[in-house]
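Dear colleague,

Please find the structure below, handed over for your own inspection. My notes on what was found in it follow directly after.

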Amino acid sequence: MHATSSISASEAPRASKRAVTIALIVVVAVLLLADQLYGFAHDQMFTQSSYDPAARVVHSGAQTLVLGSSGAHRGLDPAVLGPGVYNAAHDGQSGYYVAALLNALPQGAIKRVIYGFDTEDVLSGLAGPNVKHLAKYLPWALTDPQVTAWLEPGEPLLRVKLLSGFYRYRGLGPGVMRGYLRPNWQGNGFEPLREAMAPRPLPEIPPRPARPPVESGLAMLKAIRAGVERLDAELVVVVTPIYGYDRAAQSEYSRAMSAMREAFSGLQFCDLTEVSD
């Protein structure tokens, strides 16, 4: 009797440990399943949500697409440019966003791209302050490895983190779901500035040495070119002014302008960066 009691007493802690281990395994399995289901559901919603710029472009039926950062977003009005134009430029984005959006579009979706070229994208490349904002459309990385490569320098182990559905839609989930359940397809994408700066004389900017393009900036131009070629579209390039200054005419940006023209040569390419009043 005493021996039996001794064995029962020693097995009790082991049974308790096994129960805890099983419970932990079940909890981890449930969390992993929830993570994958969350990611799968949002992946399906994303491409049909008005949160996704590519979905908005396709839904608009536009044949001409305006792309770039805030200068293009706030300065190029489709109502002035003509019918069938949609403005998918975005404040705080870079040329990497332009390339990623072109790759997210189905072939034949558009016939013409009006690109508001930002010289700083070529001069700073992946070190530019706006590259990180591409993470707002992180789900594009599932079908475009370039997006992962561009964001990875600022986000270590991104390729592993992308396996998590919760991570892919971190901070994006509510917007994606709202755009899927109650999509807003209205408008042409253009948002004008609501206020104007008081007129003032612009100080003269002394000539500065031309800054050389960086390798990642040149690679960005090649990615944009590849996106335009894949869509078999025409490319029109403009440079929007900043604070009244024409960057295309400043010596500091001359090498960036030359790199852009070289990268796009051979395309159906219209260069409007040298057009002036």
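In helix H12 (residues 254-264), the buried residues are Ala256, Met257, Ala259, Met260, Ala263 and Phe264. Here, buried means under 20% relative accessible area, exposed means over 50%, and partly exposed lies in between, with a 1.4 Å probe and protein chains only. Helices (H or I, at least four residues) and strands (E, at least two) are DSSP runs, numbered from the N terminus. The buried residues of H12 cover an arc of only 160° around the axis, which puts them on the same side of H12; the arc is that of the directions from the helix axis to the C-beta atoms. As a general point, an α-helix has 3.6 residues a turn, so residues three or four places apart point the same way. The buried residues of H12 pack against E3, helix H6 (119-124), H11, E4 and strand E5 (269-271), where contact means heavy atoms within 4.5 Å. Just after H12, Gly266 takes a positive phi of about 95°.

Please note that this is a predicted model, in which local features need pLDDT of at least 70 and side-chain atom pairs count only at pLDDT 80 or more, while totals for chains, interfaces and linings use all residues. Residues are numbered from 1 along each chain as its sequence is written, and side-chain values use heavy atoms, with hydrogens and water left out.

Salt bridges

Side chains of opposite charge can pair when their charged atoms come close. A salt bridge is counted when a side-chain nitrogen of Lys or Arg lies within 4 Å of a carboxyl oxygen of Asp or Glu. The search of the whole structure finds eleven salt bridges.

One of them joins the side chains of Asp43 and Arg168, at 2.9 Å from N to O. Asp43 lies in helix H1 (residues 2-46) and Arg168 in helix H9 (residues 165-168), so this pair ties together parts that are 125 residues apart in sequence. Arg168 is buried, at 6% relative accessibility.

Another salt bridge is formed by the side chains of Arg74 and Glu191, at 3.9 Å from N to O. This pair also links distant parts of the chain, 117 residues apart: Arg74 is in helix H3 (residues 70-75), and Glu191 is in the loop between helix H10 (173-181) and helix H11 (215-231). Both are partly exposed, Arg74 at 27% relative accessibility and Glu191 at 41%.

Glu234 forms a salt bridge with Arg112, and their closest N and O atoms are 3.0 Å apart. Here two strands are linked: Glu234 belongs to strand E4 (residues 234-238) and Arg112 to strand E3 (residues 112-116), 122 residues apart. Glu234 is partly exposed at 31% relative accessibility, and Arg112 is partly exposed at 30%. In addition, salt bridges that share partners join Glu120, Arg208, Arg211 and Glu252 into one network.

Aromatic rings

Rings of Phe, Tyr and Trp (its six-membered ring) are paired if their centres lie within 6.5 Å; planes under 30 degrees apart count as stacked, over 60 as edge-to-face and the rest as tilted. Eleven aromatic pairs are found in the whole structure. Among them is the tilted pair of Tyr51 and Tyr137, with 5.7 Å centre to centre and 50° between the planes. Tyr51 is in the loop between H1 and helix H2 (53-60), and Tyr137 is in the loop between H6 and helix H7 (145-151), 86 residues apart. Both tyrosines, Tyr51 and Tyr137, are buried. They belong to one aromatic cluster with Phe46, Tyr97, Trp140 and Tyr169.

Individual residues

Ser69 is found in the loop between strand E1 (64-67) and H3. Ser69 is buried, with a relative accessible area of 15%. Apart from its neighbours within four places in sequence, Ser69 is in contact with Ala89, His90, Gln93 and Asp118.

Most residues other than glycine have a negative phi. Leu157, although not a glycine, has a positive phi of about 60°; Leu157 lies in the loop between H7 and helix H8 (158-161) and is exposed, with a relative accessible area of 61%. Asp232 likewise has a positive phi, near 55°. Asp232 is placed in the loop between H11 and E4 and counts as exposed at 59% relative accessibility.

Yours sincerely
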